[in-house]
Amino acid sequence: MIANIVKPGSHTQGVLRYLFGPGTATVHTDQHIVASWDGFAPDPGPEDSRGHTERMDQLVKALDLRVKQAGDQAPDGHVWHCSLRAAPDDRILTDTEWAQVARRIVHATGIAPEGDPDGCRWIAVRHADDHIHIVATKVRGDLRPPRNWNDYHRAMTELTRIEEDLGLTRIPRGRPAATDTPAAKRPTRAEQEKAKRTDRTKTVREELRHVVRTALTRAEDLDEFFNLLADAGLQVETRTLPSGDLQGYKVALPGDTNADCEPVFYSGSSLATDLSLPKIRQRFATAEVTAAEALTAGRRPNPWHQAATCTERIPHHIDHSPADVAQAHLAAFGEVLYALPLYAPAHLKAELRRAAAAFEHTAYTRTRVDHSHARALRGAIKAMRHQPTDGSGLAMLLDAAILVVTAVHRRNALQHHDRQVAAARQALVHLRAAHDQAAPGPLAALASHKPLGNTVRRYAQHVRDAVPVHAEQILAESAWEALAATLAAAEAAGHDPVELLHHAAGQRSLDDATSPARTLTWRIQRLGDRHAPSPQAQAARARSSHVAHVLSTPRDTAGTPPTPTMTSSRTHRSR
């Protein structure tokens with residue numbers, strides 16, 4: 001069940017005429033009152049019923065009585081209007097049940113607390129099977145305004161209890177902290193209705209946000225960003241200050257016009273809080289620093305491997321880092337999801353777009369993110385456009401992405417953020433579907449180089465030693481052959497397979513991995529791509545291990561290692 005509290009008005013009769021009239025967006029039928037402040041409010045009935053006009057006048061006068069008595073002390077917006085709509089799959093409630101729901105809502109919101117004789121006057125009108133409207137005038141019997149602050153969240157909290165009590169569909173509801181606001185602006189009901197009328201699968205706001213985010217992921221500066229928006233077919237307008245400095249921008253979708261056939265423009269901040277021009281400038285400034293650092297370092301690691309490595313660290317940040325650091329990494333991860341459809345095979349693009357759109361609603365805010373915390377990941381995103389993936393890079397990045405969204409899902413569930421939990425669950429569905437299509441090819445290519453039986457058995461024992469908890473599951477998975485082949489390739493390049501396994505298993509927990517064998521395969525492939533230690537380094541490591549072993553050997557009271565007891569032939573002869 002969903003509540004919608006509209007902006008307060010000051011024309012009681014206008015609201016009532018709409019509720020008891022024929023309707024505009026939807027057809028009103030059998031209009032009648034199901035509950036009121038005292039149970040005896042005049043019921044005008046449908047607009048064409050006998051005596052409708054007289055009863056309507058009586059109802060308006062009764063509702064407005066205290067407003068008239070309060071005079072200048074009455075609030076400017078004295079009409080409180082709340083609609084309550086059942087979920088599509090819910091049963092049709094009776095008038096008695098809707099009356100019960102209405103009383104609980106006016107009590108919970110502070111409009112008319114139960115047992116308070118001075119509560120506001122109100123009525124609940126039903127003109128359809130699936131919803132009611134509550135109209136109240138916000139003047140109490142003592143001529144003071146009601147204490148209905150935070151009424152929307154109080155109503156939604158009460159609706160959760162009502163759904164449980166009446167056996168109705170549980171609607172996911174988030175509870176963002178007072179200092180947090182969702183990054184993505186949710187479409188209004190009017191926008192949703194317009195999308196239906198124009199046969200769009202998404203609202204214009206959602207389509208624009210997707211195009212803007214995708215362009216922002218690819219662009220390296222503001223000029224390229226605006227060019228990419230224009231190339232995508234959007235109408236783009238910018239605002240400049242008298243000094244000539246850029247002040248802001250707005251975009252419109254081709255064909256989306258108002259009643260005067262003019263384009264409907266959306267500013268960046270109206271699409272999402274982090275898409276305003278100042279926020280975009282901050283992001284580009286961070287990207288410039290990252291590019292300069294990479295150029296100074298003189299190295300260009302595989303961006304897909306780098307992105308997967310950075311992504312796998314995000315669950316640790318979620319659980320252990322300060323909130324601003326975790327949010328920065330989650331914001332960068334959201335950019336990864338928007339980048340993937342650009343570089344993925346055609347048959348994966350749809351799933352990846354849906355995953356990115358769903359993840360948009362799992363994080364609370366992107367408005368106060370310090371982008372410097374995730375420079376490495378953002379640098380990898382920008383570098384992806386210059387190095388196409390061979391398939392394994394995409395698969396390993398998707399595997400890491402699933403771990404991140406699983407961690408986000410768990411965190412939101414612990415904090416009872418129902419709406420974010422539902423969004424994370426939806427993102428997981430799409431990411432797993434994409435990974436299940438992307439992984440088999442690279443894994444089969446790796447498995448085709450599986451080593452001989454003796455080597456496989458040796459690696460199996462290494463797995464049992466390195467990850468005893470997950471060993472039997474790993475060895476039973478179809479991806480085990482690919483893991484064995486990856487270990488063999490790394491060993492051929494000079495790496496120690498035992499050390500690699502321990503390193504890969506110790507990087508991050510495998511508890512959330514759908515397939516530990518696949519996750520280890522991708523991790524070891526990334527580790528194996530690094531330069532293997534030289535013979536000199538291996539000799540130095542061996543000497544270091546020997547010294548450590550000697551230092552850890554128990555010593556006798558004289559401070560020297562004990563000498564093994566030996567019986568020599570000379571001793572026997574002396575006897």
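**Exercise 1. Place N150 and D30, and describe their backbone and exposure.**

Start with N150, which sits in the loop between β5 (131-137) and α4 (151-166); helices (H or I, at least four residues) and strands (E, at least two) are DSSP runs, numbered from the N terminus. Before going on, note that this is a predicted model, where local features need pLDDT of at least 70, side-chain atom pairs count only at pLDDT 80 or more, and totals for chains, interfaces and linings use all residues. Residues are numbered from 1 along each chain as its sequence is written, and side-chain values use heavy atoms, with hydrogens and water left out.

Next, the backbone: phi of N150 is near 60°, a positive value in a residue other than glycine.

Then the exposure. N150 has 39% relative accessibility and so counts as partly exposed; buried means under 20% relative accessible area, exposed over 50%, and partly exposed in between (1.4 Å probe, protein chains only).

Now D30, found in the loop between α1 and β2 (32-36). Phi of D30 is near 50°, again a positive value in a residue other than glycine. With a relative accessible area of 55%, D30 is exposed.

**Exercise 2. Work out how α11 packs against α12.**

Two packed helices are described by the angle between their axes and the distance between the axes. Axes are lines fitted to C-alpha atoms, for helices over the stretch in contact, and angles run from 0 to 180 degrees between N-to-C directions.

Step one: α11 (residues 323-343) and α12 (residues 346-359) pack at about 160°, with axes 8 Å apart.

Step two: the pair is therefore roughly antiparallel (angles under 35 degrees count as roughly parallel, over 145 as roughly antiparallel, 65 to 115 as roughly perpendicular and the rest as oblique).

Step three: the crossing of α11 and α12 is left-handed, the term for a near helix turned anticlockwise from the far one by less than a right angle.

Step four: list who meets whom, with contact meaning heavy atoms within 4.5 Å. From α11, the residues include L330, F333 and Y343, and from α12 they include K349, R353 and F359. By class, that contact has 13 nonpolar, 1 polar and 2 charged residues. Here Ala, Val, Leu, Ile, Met, Phe, Trp, Tyr, Cys and Pro count as nonpolar, Asp, Glu, Lys and Arg as charged, and the others, Gly among them, as polar.

**Exercise 3. Do the same for α10 and α11.**

The axes of α10 (residues 303-320) and α11 come within 10 Å and cross at roughly 145°. α10 passes α11 in a left-handed crossing. On the α10 side, W304, T311, I314, H317 and I318 make the contact, and among the α11 partners are V325, H329 and L340. The classes come to 9 nonpolar, 3 polar and no charged residues.

**Exercise 4. Describe the surroundings of T362.**

First, find T362 in the loop between α12 and α13 (375-384). T362 is buried, with a relative accessible area of 0%. Its side chain reaches the backbone oxygen of F359 at 2.8 Å. Not counting residues up to four places away in sequence, T362 touches V408, R411, N412, Q420, A423 and A424.

**Exercise 5. Trace V15's long-range partners, then zoom out.**

V15 lies in α1 (residues 12-20). Leaving out residues up to four places away in sequence, V15 touches V79, H81 and V135. The C-alpha atoms of V15 and V135 are separated by 8.1 Å, with their positions 120 residues apart along the chain.

For the whole chain, count 23 helices and 8 strands. Of its 575 residues, 48% count as buried.

Notes
A polar contact is a pair of N or O atoms within 3.5 Å; within protein, one must be able to donate a hydrogen and the other to accept it, and residues adjacent in sequence count only if both atoms are side-chain atoms.
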